[in-house]
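Open the model in your viewer and keep the selection panel at hand. The stops below go strand by strand, then out to the chain contact.

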Amino acid sequence: MGLTAALVGNPNAGKTTLFNALTGLSARVGNFPGVTAEVLSAPVQGTDLLLADLPGAYSLTPLGEDERITREFLLSGRADIIISVIDATSAARGLYLTMQLLELGIPVAAALTMTDELEASGGSVDIPALSRALGVPVTAVTASRGTGLAELLDAARRCGVPRPPRLAGAQERYGCIDSICMPCFTLPDVRDGFDRAALGRLTALPVLALVLAAVFFLTFGPHIRALTALISRGADALARAAPALLSALGVPRPLALILSDGLIGGLGTVLGFLPPVLALFACLSLLEDSGYMARAAFLLDRPMRMLGLTGRAAVPLLTGFGCTVPAVMAARTLETPHARRVTALLAPLMSCPAKLPVYALFSVYFPAPAAAMYLLGALMTVPAALALRKRDDASVFMLELPDYRLPTLRGTVRLLVRRAGDFMRRAFTTILAASVLVRLLGSFDAAFGVVSDSSQSMLAQLGAAAAPLFAPLGFGDWRAVTALAAGLSAKEAAAGVLTALVPSVSAVFTKASASSFCTFTLLYTPCAASLAALRREVGLPAAALAALGYSAAAWLVSFAVYRAALAFF
Amino acid sequence: MTLAQLRPGRTGIVVSVGDSGTAGLRLAEMGFVRGTAVRCLRTAPWGDPMEVCLRGYRLSLRRGQAELVTVEETWD
């Protein structure tokens, strides 16, 4: 048959759950001819019906990116059948889109989701009556349990082009929905129990703090750190054993060193990021599916608006305090391409824990350098966000607060597998290249002879060459610069190199130059893994520009800090 | 009065949406059309955004958007 069916419906209507239930893990993002954006599609298991999961949309009016993609896909003629997914608990609003779909001249079958929830809260729906009212077959589906799927596919195959309702404008459409469709429903009273706690005047913020603390603990807690340490140790052991193995195979020693240190070390770094990345996405998925994410966005919208963002950007940004990589990746969950880009670019400003060892080295001068840096980073997001702000900020912020629901395990696991693959694919090449490069530069001198003393290496020579650039910041010393260069592959490396090269911090840094060095560390180009994640979110040219931009901004701010510090200390 | 002035717990009937641009269109498409009953559930701790209930579902709106909707309060 080779037909294509498009899944169309509101965000959170259960489209993706339905899609996953029907297609399994085979979904691929790709281009359809005549459609500019990439659309997720896969064949329905056991059939030759291709299912396309279109982005969530409230209407076909192209007011936002997601609506535009949906509209373009449907008008391109790519869809032979439309499956209109309607959430029974917010049916009136979902039916608005359905009304528009009926006018396209394409066969439509409707899938009604969350009917079990509607009934659980005391409501009901007369499906045959709704079917008659709409003029299309309506099937109740519970994707998590797999009920109604066969009937839906059957209806999709047999449905015809519906009689267009001939309605113009929102007033007429809702008039039709109110008078003809909604009488098929018995609506329960709005359940407000949980929200009285989650959003109550006095309890809202404590609950939010608790939830955020839980997310932080689950994502960056000791169990995750242990996993990452395990992976690192494994990679280290392999890297130590490899040179002997490779030499035995006849590989020349310098190459063997590069392969084991750079390649295996790089692999270890990439895999080491997996535990927190997966843990964070599991948390975000739980928050989203349970409905609490919308409440968090509701509460944090006002402060986020100062950054030109909406409440939904809060959680991804705050995650940056744990690690930049998952924070940048989490930006993908935001509503508009602009919000995703800005949030991804702001995330590295939130001081990541890998920089803590660097700050700690200067504790001889300051009591709590880390606290100051965290604060500075958070403050820097404001000018940065304002600089990235869109001129015509006609962002229409409307958020639906869905009923609380229990997330399914299967859906979460599927999402995690996809995210992990995503991350591995992108991060691997970038991190590998950076790792190999840094180790190469640090192990060899200009004549490509192996060095025993790192002060002779190419990395050190590059550091010395670049040192004058940092003289105005107070630390124009090759050792400081070399440490910063090492930090480009991983921030922890900066502390390691600095400790190795500088026995006592006060020998190279004054109090003033310590402040500017810490500031520079906070703001300059993030680690290779972050850049890889950024590249995935904002594209290569923007990421490259940003990489330069962070360092340029870091230079300027550190300069200001240095001059101010000279005056004070 | 505008929807922004509707206090928590009170219900209003939409009279009109005073914006012909993107914001007004979006509001209409989300259900804010003449004759719709809207109940204000609560506001965020800092007064903005506000959560309302209409046609059996909940939405949160920023104050700026709520000010575009003119409602007539109903007294139950």
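Select Thr43(B) and Met50(B): Met50(B), in E3(B), is the bridge partner of Thr43(B). Strands, labelled E, are DSSP runs of at least two residues, and helices, H or I, of at least four, numbered from the N terminus. This is a predicted model, where local features need pLDDT of at least 70, side-chain atom pairs count only at pLDDT 80 or more, and totals for chains, interfaces and linings use all residues. Residues are numbered from 1 along each chain as its sequence is written, chains are lettered from A and ligands numbered from 1 in the order in which they are written, and side-chain values use heavy atoms, with hydrogens and water left out.

Now show E2(B) with E3(B). They pair in the antiparallel sense over five bridges; pairing requires that DSSP finds at least two bridges between two strands. Six residues lie between these strands in the hairpin, and there Gly47(B) takes a positive phi near 85°.

Stay on Met50(B) and add Leu61(B), its bridge partner in E4(B). E3(B) and E4(B) run antiparallel, joined by five bridges. Their hairpin has two residues between the strands; pick Arg55(B), with a positive phi near 50°.

Colour E3(B) by burial. Five of its five residues are buried, meaning under 20% relative accessible area (exposed is over 50%, partly exposed in between; 1.4 Å probe, protein chains only). Met50(B), Val52(B) and Leu54(B) point one way, Glu51(B) and Cys53(B) the other. In a regular strand, side chains alternate between the two faces of the sheet.

Next, bring in chain A. Select E10 of chain A, residues 398–400: this strand pairs antiparallel with E4(B) over three bridges. Glu400(A) stands opposite Leu59(B).

Zoom out to the interface. Here 31 residues of chain B are in contact with 43 residues of chain A (heavy atoms within 4.5 Å). About 3600 Å² is buried between the chains, 57% of it from carbon and sulfur atoms; this is the accessible area (1.4 Å probe) that two parts lose on being put together, summed over both. Select Glu29(B), Arg58(B) and Arg62(B): they supply 23% of the area that chain B buries against chain A, more than any other three residues.

Last stop: Arg26(B) and Glu67(A). Their side chains meet in a salt bridge, 3.0 Å from N to O. The rule (a side-chain nitrogen of Lys or Arg within 4 Å of a carboxyl oxygen of Asp or Glu) finds five across this interface.
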